[in-house]
Amino acid sequence: MARITLIKIAEARRLGANGIDYSPRLGAVCPWCGNKTKIVRTMPWEDSTRIRYHLCQTTGCAMAKMGDTIKSIEIDPVDEKKEEAVCRMK
Ligand SMILES: [Zn+2]
């Protein structure tokens, strides 16, 4: 495999491990192939954020082949604004 591809895979795996943005419309998009991923685990809300774990199931995708779980982070924009407002009042 070409070196550049390995670097890109490493980058995609790093993104998946650190957490990518969760879209209420699209869910989490695989950092490697850009397809929608399947949710395998949903964590409870913690303040205004929620973590989910996903698996890419696209045939031929490097992330899918390695079976890496992809972490996504959803931030409730309304709740976050509310918290900011509370901070300003203090
Ligand atoms: Zn993928």
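Contacts between residues 24 or more positions apart account for 47% of the contacts in the protein with a separation of 6 or more, where two residues are in contact if their C-beta atoms, placed from the backbone, lie within 7 Å. Before selecting anything, keep in mind that this is a predicted model, in which local features need pLDDT of at least 70 and side-chain atom pairs count only at pLDDT 80 or more, while totals for chains, interfaces and linings use all residues. Residues are numbered from 1 along each chain as its sequence is written.

**The whole chain**

Start with the full C-alpha trace, which spans about 55 × 25 × 20 Å along its principal axes. The radius of gyration of the protein is 16 Å, whereas a compact globule of 90 residues would have one near 12 Å; this radius is taken over C-alpha atoms, and the globule rule is 2.2 Å times the number of residues to the power 0.38. Colour next by secondary structure, and 3 helices and 4 strands appear, running α-β-β-β-α-β-α from the N terminus on. Helices (H or I, at least four residues) and strands (E, at least two) are DSSP runs, numbered from the N terminus.

**The helices at 3-18 and 77-89**

Select residues 3-18, helix α1, whose 16 residues should span 22 Å at 1.5 Å a residue, and whose end C-alpha atoms are 23 Å apart, which agrees. The expected span of a helix is 1.5 Å times one less than its number of residues. After α1 comes G19, with a positive phi near 115 degrees.

Move to residues 77-89, helix α3, where 13 residues should span 18 Å and the end C-alpha atoms are 19 Å apart, again in agreement. Helix α3 is hardly covered, since the count of buried residues among its 13 residues is 0. A residue is buried if 20 or more other C-beta atoms lie within 10 Å of its own, exposed if 12 or fewer, and partly exposed in between, with C-beta atoms placed from the backbone. In the protein, buried residues make up 20% of the 90 residues.

**The sheet**

Now show the strands, which form an open sheet of 4 with the order β1-β4-β3-β2 and mixed pairing. Strands β1 (20-21) and β2 stand at the edges, each with a single partner strand, so one side of each is left without a neighbour in the sheet. Two strands pair if DSSP finds at least two bridges between them.

Select β3 together with β4 (residues 69-75), which pair in the antiparallel sense over 7 bridges; here I51 has I73 as its bridge partner in β4, and L55 stands opposite T69 in β4. On adding β2, you will find that β2 and β3 also pair in the antiparallel sense, over 4 bridges, and that T42 has R52 as its bridge partner in β3.

**The hairpin loop**

Zoom in on the loop between β2 (38-42) and β3 (49-55), where D47 lies. The hairpin has 6 residues between its strands, and D47 takes a positive phi near 55 degrees there; D47 counts as exposed, with 10 C-beta neighbours inside 10 Å.

M43 is found in this loop too, and M43 is likewise exposed, with 12 other C-beta atoms within 10 Å. Leaving aside neighbours within four places in sequence, M43 is in contact with R50, I51 and R52. M43 and Y53, 10 residues apart in sequence, are 8.3 Å apart in space, C-alpha to C-alpha.

**The nonpolar core**

Finish by selecting A12, Y22, A28, C30, W32, C56, A62, M63, A64 and I70, the 10 residues that make up the largest nonpolar core. Helix α2 (residues 62-66) gives the most to this core, with 3 residues. A nonpolar core is a set of buried Ala, Val, Leu, Ile, Met, Phe, Trp, Tyr and Cys residues joined through C-beta atoms within 7 Å.

Within this selection, centre the view on C30, which, leaving aside its neighbours within four places in sequence, is in contact with N35, T37, C56, T58, C61, M63 and I70.
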